[in-house]
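Colleague: Let us go through this structure by question and answer. Please keep each reply short.

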Amino acid sequence: MLLGGCASGGGTADAGTGPVDGGDFVTGLYLEPRGLDPHRQVFWETYRVSRNIFEPLVGEDLTTTDGTPELVPVLATGWDHSEDGRTWTFQLREGVTFHDGSPFDAEALHKNVRRVWDRSYEYFDEESAGRVKVWFANLTNAAPTGDYTYTFEFDRPFLGFPRILAQSMYTLPVGNPVVWETYGNDGFAEHPEGTGPYRFVSRAIGDRIELERNENYWGEPPHLHTLTFRIIPNNQTRVASLINGEVDLISYVQPDDVETLENAGIDVPEGTGAELIYFSFNRRNPVFDDDRVREALIHGLDRQALADEVYNGYATPQYSFLPPGNEAYRDEVTDFEYDPERARQLLADAGYGPGELRFNLVVDVANENVGQWLQAHLKQIGVETEVVSLDRVNYSARVYNPQPGDGLSIDEFGETNAEWLHNGYNGLKNRGLNPEQYPEVTQAIETALYADDAEQRIALWQAAEEQLRSKALVIPAVNLNRYYATGPNVEGFVFASTNWYDLSNVWLAEE
């Protein structure tokens, strides 16, 4: 077993004087990552592994904790768009190789694009295409315009494209085409290969994923020699592993564990991820077609109490569907204030007496405590619920294929790009929301999505979010401000305003 804190390989500096090179770093994941195929991936824990292997054209500066991260060049050194915002041209970085030594150039990028978009390509991948369709549906042409230049053409303006490329899911991290040409599309996840600072070594499903430093990395070399991601779904086991020095980093720290960890000398940094926990309505259940019912449930939710009682104050109440860290986020907006009397009156107006409105709260096991709190809280306004707790895979299947009595589900999602509102709205539609019932919302989102004026783009997204929020289509709940914990000799870790972290700047101080 690799143990965190064993800084091997010869340090270059003493603790406290600067970074140390070498060392075996171990992360305890709360969730089994899905396949390490960058075009198919889901779950943040998957990307927290794969982003060390694969890189995007455009990235974000994850060395700061305040506000929305700045965009930075990664595999593209520069980019510009046509006056109408429909054509984007990227200048690609020269001298970059994939982990097997194959060159990264415009042709390699083209094969990545074709894999997710061009049905005439021999290795077109239906699953990948489905994932990126949310952003590539309006792509009309894409091709190299030089050995190290590449152009995307959309049928409408797409001013948010660069920051979308910097995100993880549903975008275009760049993989090595030689791999899928050798092993096929399904085999790519078993042989993940990109241009990143670490290269894949091995994976044991349910146990661990091992990476090693890419000695031929084009950029600043990372400090750590190896990264091991252990799968530890049990929260208490994960916490004990960190305290005992068996792992160096864990994610999804539970509020009840913050004080325990800090008393043990563990750092639990404060931060703001670009996501929020929110409650989605099962719109296939006809009770939620009544605006009064949805508004009542929002009026009946004391989000400050949720943050204080469930998250021990290690969360911030949220009233906007745009998460903190998002470029269009405004912390002063609100939807429907906490007013239980108003909630009970709205339910009565909708024809429901005390105890007559009943539905299931569908949660994954990590949020079972939230479901139990919400169950007790809704009872105070006369709503009866049953908590249905499922493992993550079955939970995901259930929310998209609900049972007739299902009512609310608990979701955790968000990104730094304003266009995420479009993605989030699609998620609500996947839960049965009929966009034809809300033409003002749909129109406002499309206006913002296809804006051709960069100075107006953010304001348009804020207006679209206000439309969505005013219709009570979702219940924003909280944003977690303690999410990661690191061992006492971990240096350089930053809780940036996004949903993943950069381990290339992290090192293990010598003890």
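Colleague: In which loop is the place of Asn285?

Modeller: The model is a predicted one. Asn285 has a relative accessibility of 7% and counts as buried. Its place is in the loop between strand 12 and helix 8 (291-299).

Colleague: Is Asn285 buried or exposed, and at what relative accessibility?

Modeller: Buried means under 20% relative accessible area. Asn285 therefore counts as buried, its relative accessibility being 7%.

Colleague: What separates the C-alpha atoms of Asn285 and Pro192?

Modeller: Along the chain, Asn285 and Pro192 are 93 residues apart. In space, their C-alpha atoms are separated by 41 Å.

Colleague: How many helices and strands does the protein have, and what does its C-alpha trace span along the principal axes?

Modeller: The secondary structure comes to 15 helices and 20 strands. Along the principal axes, the C-alpha trace spans about 70 × 55 × 40 Å.

Colleague: What radius of gyration does the protein have, against that of a compact globule?

Modeller: For 511 residues, a compact globule would have a radius of gyration near 24 Å. The value for the protein agrees with this. Of its residues, 58% count as buried. The radius of gyration of the protein is 23 Å.

Colleague: Which residues does the UniProt domain annotation cover?

Modeller: The annotation comes from an unreviewed UniProt entry and reads "domain: Solute-binding protein family". The annotated span is 30% helix and 23% strand, and its end C-alpha atoms lie 34 Å apart. According to the record, the domain covers residues 70-400.

Colleague: Which residues lie nearest the centre of the largest pocket?

Modeller: The volume of the largest pocket is about 1200 Å³. Its lining has 42 residues. Elements giving two or more residues to that lining include helix 3 (126-136), helix 12 (392-400) and strand 16 (406-413). Nearest the centre lie Val42, Phe43, Arg392, Ser396 and Tyr400.

Colleague: How does the lining of the largest pocket divide by class?

Modeller: Tyr counts as nonpolar and Arg as charged, so Tyr400 and Arg392 of this lining fall in those two classes. For the lining as a whole, the classes come to 20 nonpolar, twelve polar and ten charged residues.

Colleague: Which residues lie nearest the centre of the second largest pocket?

Modeller: The second largest pocket holds about 540 Å³ of space and is lined by 26 residues. Strand 2 (58-60) and strand 3 (71-73) each supply at least two of the lining residues. By class, the lining has 13 nonpolar, seven polar and six charged residues. Nearest the centre are Arg51, Glu55, Tyr217, Asp502 and Ser504.

Colleague: What is the sign of phi at Phe43, and about what value does it have?

Modeller: Most residues other than glycine have a negative phi. Phe43 is in the loop between strand 1 and helix 1, and is buried with a relative accessible area of 14%. Although Phe43 is not a glycine, its phi is positive, at about 75°.

Colleague: And what is the sign of phi at Ala472, and about what value?

Modeller: Ala472 lies in the loop between helix 15 (454-470) and strand 17 (475-480). Ala472 is buried, with a relative accessible area of 0%. Its phi is positive, although Ala472 is not a glycine, and comes to about 55°.

Colleague: Which parts of the chain does the pair of Arg115 and Asp37 link, and how many residues apart are they?

Modeller: The side chains of Arg115 and Asp37 meet in a salt bridge, at 2.8 Å from N to O. Distant parts of the chain are linked by this pair: Arg115 is in helix 2 (residues 106-117), and Asp37 is in the loop between strand 1 (24-29) and helix 1 (44-50). Arg115 is buried at 0% relative accessible area, and Asp37 is buried at 1%. Along the chain the two are 78 residues apart.

Colleague: Which residues are linked with Arg115 and Asp37 in a network of salt bridges?

Modeller: The count of salt bridges comes to 32. Arg115 and Asp37 belong to a network that also links Arg40, Asp125, Glu127, Arg131 and Asp186.

Colleague: With which residue does Glu215 form a salt bridge?

Modeller: Glu215 is exposed, with a relative accessible area of 56%. Its partner counts as buried, at 16% relative accessibility. The closest N and O atoms are 3.3 Å apart, and the partner is Arg213.

Conventions:
Residues numbered from 1 in each chain as written. Predicted model: local features only at pLDDT ≥ 70, side-chain atom pairs only at ≥ 80, totals over all residues. Heavy atoms only, no water. 1 Å grid on protein atoms, 1.4 Å probe; cavity = no way out; pocket = protein on both sides within 12 Å on 5 of 7 lines; lining within 4 Å. Points joined across faces, edges and corners; volume = space filled by probe spheres on them. Helix = DSSP H or I, 4+ residues; strand = E, 2+ residues; numbered from the N terminus. UniProt positions renumbered as here; feature names shortened; annotations may be inferred. Salt bridge = Lys/Arg side-chain N within 4 Å of Asp/Glu carboxyl O. Buried < 20%, exposed > 50% of the residue type's maximum accessible area, 1.4 Å probe, protein only. Rg over C-alpha atoms; globule rule 2.2 N^0.38 Å.
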